[in-house]
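Q: Could we go through this structure together? I would like to discuss helix packing and then internal cavities.

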Amino acid sequence: MKGKYHIVVQNNRLRYELDIRRNITIIRGDSATGKTKLIDLLEQAADLGEGSGVEVLCERPCRTLGGKDWNLVLPNIHQQILFLDEENKFVKSREFASAVKASDNYFVIVTREDLPNLPYSVEEIYGIHASGKYHDLKRTYNELYHIYSTEAFSGGVSPETVIVEDSNSGYEFFRAICSENGMDCLSAGGKSNLKTAASGLGKEPAIVIADGAAIGPEMNELYQMMRHKPEVKCYLPESFEWLILKSGMIDGKLIQDILEHPEDFIESREYFSWERFFTALLAEHTRDSRLRYSKNQLNPAYLHEKIKQAILTAAEGVDWKKSMENRNHGGR
């Protein structure tokens, strides 16, 4: 399943409106924020049909998934948008993660907890905001908003230390940049170690670079850490491979079309997260060129000056030039 879908769930008192564009969407929030009511409305619509007074508007069927037989039911559901809440303890299991990976459905999970077995995007973690948009005071309009404030992200930071999620090609690239300019570059050795790595820094400006397409389960801890260490910011592109594609060094109208509307091209059953799609896309389009890409080891061609600068320029919000000038002139 692929594509972006607009969903409206409403009765004469409540209206929920949301857009879904990836295989996994997370809705978070404390009690009394309307999360559970959304699930209730969908269940009423399924059980009672028109007699429920609930209207569900979407190009794809929307339904809930739960109960002890979920693993028997799911294989028979295709090309639908499935809603689950945190009362279903299986959402934290590896079995459920494997089922999501093999499924051609989209999943909307209502939960207050992090789900480390699922690679969901920081861009697809939402809260529910109630507003008085409608004049009928008996109806509450509920819309989604991004949980994490943009203040936590790069916003022109000039780092002295760079922490990279892993030790693959992305780390090799940023390590080379830092080495050339007297900056420190650390590998966290995996996204689950990012908070620990960043917490151990001093007061120097620092930036954490990780794959935004799959960092969702770790984002809450990172965000709380950054509130106490404001000198640490995050730069979360979809992936390093996405950054290379965004740099414009790989020609082709198809590439640009995909970058503008990736949800129209990424089949959820084939790619568990968008990071995997962009890795495959970059490898395919550079297979027979001097920019042949391998995730495990950086092709030295990506460190040639023109290509290197194009990739750094594509990393919007990170002031690499200022960092390099400060370090090269002995400034701290």
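The exchange below concerns a predicted model, taking a helix pair and then the cavities.

Q: At what angle do H8 and H9 pack, and how far apart are their axes?
A: Helix H8, residues 253–260, packs against helix H9, residues 274–285, at an angle of about 175 degrees. Their axes are 12 Å apart.

Q: Parallel or antiparallel, then?
A: Angles over 145 degrees count as roughly antiparallel, so H8 and H9 are roughly antiparallel to each other.

Q: Which residues make the contact?
A: H8 contributes Leu254, Ile255, Ile258 and Leu259. From H9 come Phe277, Phe278, Leu281 and His285.

Q: And how do those residues of the H8 contact with H9 divide by class?
A: Seven are nonpolar and one is polar, with no charged residue in the contact.

Q: Changing topic: how many cavities of 30 Å³ or more does a search of the whole structure find?
A: The search finds three cavities of that volume or more.

Q: What volume has the largest cavity?
A: The largest cavity has a volume of about 150 Å³.

Q: What lines the largest cavity, and which residues lie nearest its centre?
A: The lining consists of 18 residues. Val164, Asp166, Gly170, Asp211 and Phe240 are the ones nearest the centre.

Q: Which elements give two or more residues to that lining?
A: Those elements are helix H4 (169–180) and helix H7 (240–246). H4 gives the most, with four residues.

Q: How does the lining of the largest cavity divide by class?
A: The lining has nine nonpolar, four polar and five charged residues.

Terms used:
Residues are numbered from 1 along each chain as its sequence is written. This is a predicted model: local features need pLDDT of at least 70, side-chain atom pairs count only at pLDDT 80 or more; totals for chains, interfaces and linings use all residues. Side-chain values use heavy atoms; hydrogens and water are left out. Axes are lines fitted to C-alpha atoms, for helices over the stretch in contact, and angles run from 0 to 180 degrees between N-to-C directions. Angles under 35 degrees count as roughly parallel, over 145 as roughly antiparallel, 65 to 115 as roughly perpendicular and the rest as oblique. Contact means heavy atoms within 4.5 Å. Ala, Val, Leu, Ile, Met, Phe, Trp, Tyr, Cys and Pro count as nonpolar, Asp, Glu, Lys and Arg as charged, and the others, Gly among them, as polar. On a 1 Å grid over the protein atoms alone, a cavity is a set of points where a 1.4 Å probe fits but cannot get out, and a pocket is an open set with protein on both sides within 12 Å along at least five of seven lines; lining residues have an atom within 4 Å of a point. Grid points are joined across faces, edges and corners, and a volume is the space filled by probe spheres set on the points.
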